[in-house]
Structure formats: structure tokens, C-alpha cells
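Hello,

I am passing a structure on to you, and I thought a short tour might help you find your way around. Please open the view below and keep it beside you as you read.

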Amino acid sequence: VEEAATIEDLLRSETSPADGVRLVVFELAGCRHCQALEDTVLPALARELGERLSVERRPAGKLPAPTVLVLGPERAALVGASTVDDFRGLLRANSR
């Protein structure tokens with residue numbers, strides 16, 4: 001049985017889009033921070049970035065929930081409760 005991937009492994013192995021930014025969101029059912037991300041943060045980011053933003057959702061498994069990989073020219077991970085402002089700087093750097 002393989003060990004669960006670490007956040008660092010995922011940041012190295014996941015592909016970035018040719019244009020724009022890709023978010024990979026790791027969530028757990030019933031997680032209030034995950035729900036806030038879905039209800040508030042992701043819709044606001046989608047309005048701001050439009051087609052330049054793609055979002056993929058996956059079960060968190062052994063990762064802390066929520067964990068969001070931000071993949072573009074710059075790569076980063078946000079772990080735990082996050083606000084729109086937490087993402088804005090990362091997304092602006094990645095959507096030039």
C-alpha cells in the first residue's frame with residue numbers, strides 16, 4: 001500500500017494549465033470550512049477570474065480539509081479556513 005501523497009508531492013506532480021490558474025480542492029463532507037469555501041470563496045473567485053480559473057474537487061483523504069492547491073506559473077497550497085483575500089494575491093500572480 002502506497003503512503004498518502006503529501007502536499008509537497010502534489011504541488012510537484014500536478015499539472016498547471018497553459019493559460020490561467022487551476023485550483024485542486026481537497027474537501028471532506030460535513031466540513032464547515034469546506035462548505036464556506038464552496039459557498040463563498042470559490043464563487044467569488046470564479047466571478048473575478050472567469051474562464052481563466054478552473055476548479056477540480058477531490059476527497060481530502062488524509063490531507064487536512066480543506067486543502068487547495070493553486071497551480072499556475074507559481075504554485076502554492078492553502079490549508080484550512082481561507083477567505084477570498086487569502087487567494088487574491090496568489091491568483092493575481094498566476095493570472096498575468
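One term to begin with: two strands are said to pair if DSSP finds at least two bridges between them. Please also keep in mind that this is a predicted model.

**The sheet**

With that in hand, start at strand β1, residues 21-27, which pairs with β2 in the parallel sense over seven bridges. One of the bridge partners to look for is P59 in β2, which is matched with E27. On the other hand, β3 and β4 run antiparallel and are joined by five bridges. These two strands form a hairpin, with three residues between them. Here L71 stands opposite R75 of β4.

Put together, the four strands make an open sheet in the order β2-β1-β3-β4, and the pairing is mixed. Why do β2 and β4 each have one side without a neighbour in the sheet? Both stand at the edges, β2 as residues 53-59 and β4 as residues 75-79, and each has a single partner strand, so one side of each is left open in this way. From one strand to the next, the twist averages 15°.

It is also worth following the side chains along β4. In general, side chains in a regular strand alternate between the two faces of the sheet. In β4, A76 and L78 point to one face and are buried, while R75, A77 and V79 point to the other face and are not buried.

**The helices**

Next, have a look at helix α2, which covers residues 32-49. Its 18 residues reach 25 Å from the first C-alpha to the last, close to the 26 Å expected at 1.5 Å a residue. Even so, α2 bends by about 40° at E38. Its buried residues are C34, L37, V41, L42, A44, L45 and L49. What covers these buried residues of α2 includes β1, β2, β3 and α3.

Q35 is in helix α2 as well. Its relative accessibility is 44%, between the limits of 20% and 50%, so Q35 counts as partly exposed. Q35 and A5 are 30 residues apart along the chain, and their C-alpha atoms are separated by 23 Å. Just after α2 comes G50, with a positive phi of about 55°.

Helix α3, residues 84-94, lies across β1, β3 and β4. It runs at about 20° to β3.

**Two spots in the loops**

The loop between α1 (7-13) and β1 holds E14. Is E14 buried or exposed? With a relative accessibility of 12%, which is under 20%, E14 counts as buried. The side chain of E14 makes a polar contact with the side chain of R22, at 2.9 Å. Apart from neighbours within four places in sequence, E14 is in contact with R22, V24, R58, L69, L71 and R75.

The other spot is P66, in the loop between β2 and β3. A cis peptide bond joins A65 and P66, with omega at about -10°. As background, most peptide bonds are trans.

I hope you enjoy exploring it.

Best wishes

Notes. Residues numbered from 1 in each chain as written. Predicted model: local features only at pLDDT ≥ 70, side-chain atom pairs only at ≥ 80, totals over all residues. Heavy atoms only, no water. Axes fitted to C-alpha atoms, helices over the stretch in contact; angles between N-to-C directions. Contact = heavy atoms within 4.5 Å. Expected span 1.5 Å × (residues − 1). Bend = angle between axes of the 7 residues up to and from the residue. Buried < 20%, exposed > 50% of the residue type's maximum accessible area, 1.4 Å probe, protein only. Polar contact = N/O pair within 3.5 Å; in protein donor to acceptor, adjacent residues only side chain to side chain.
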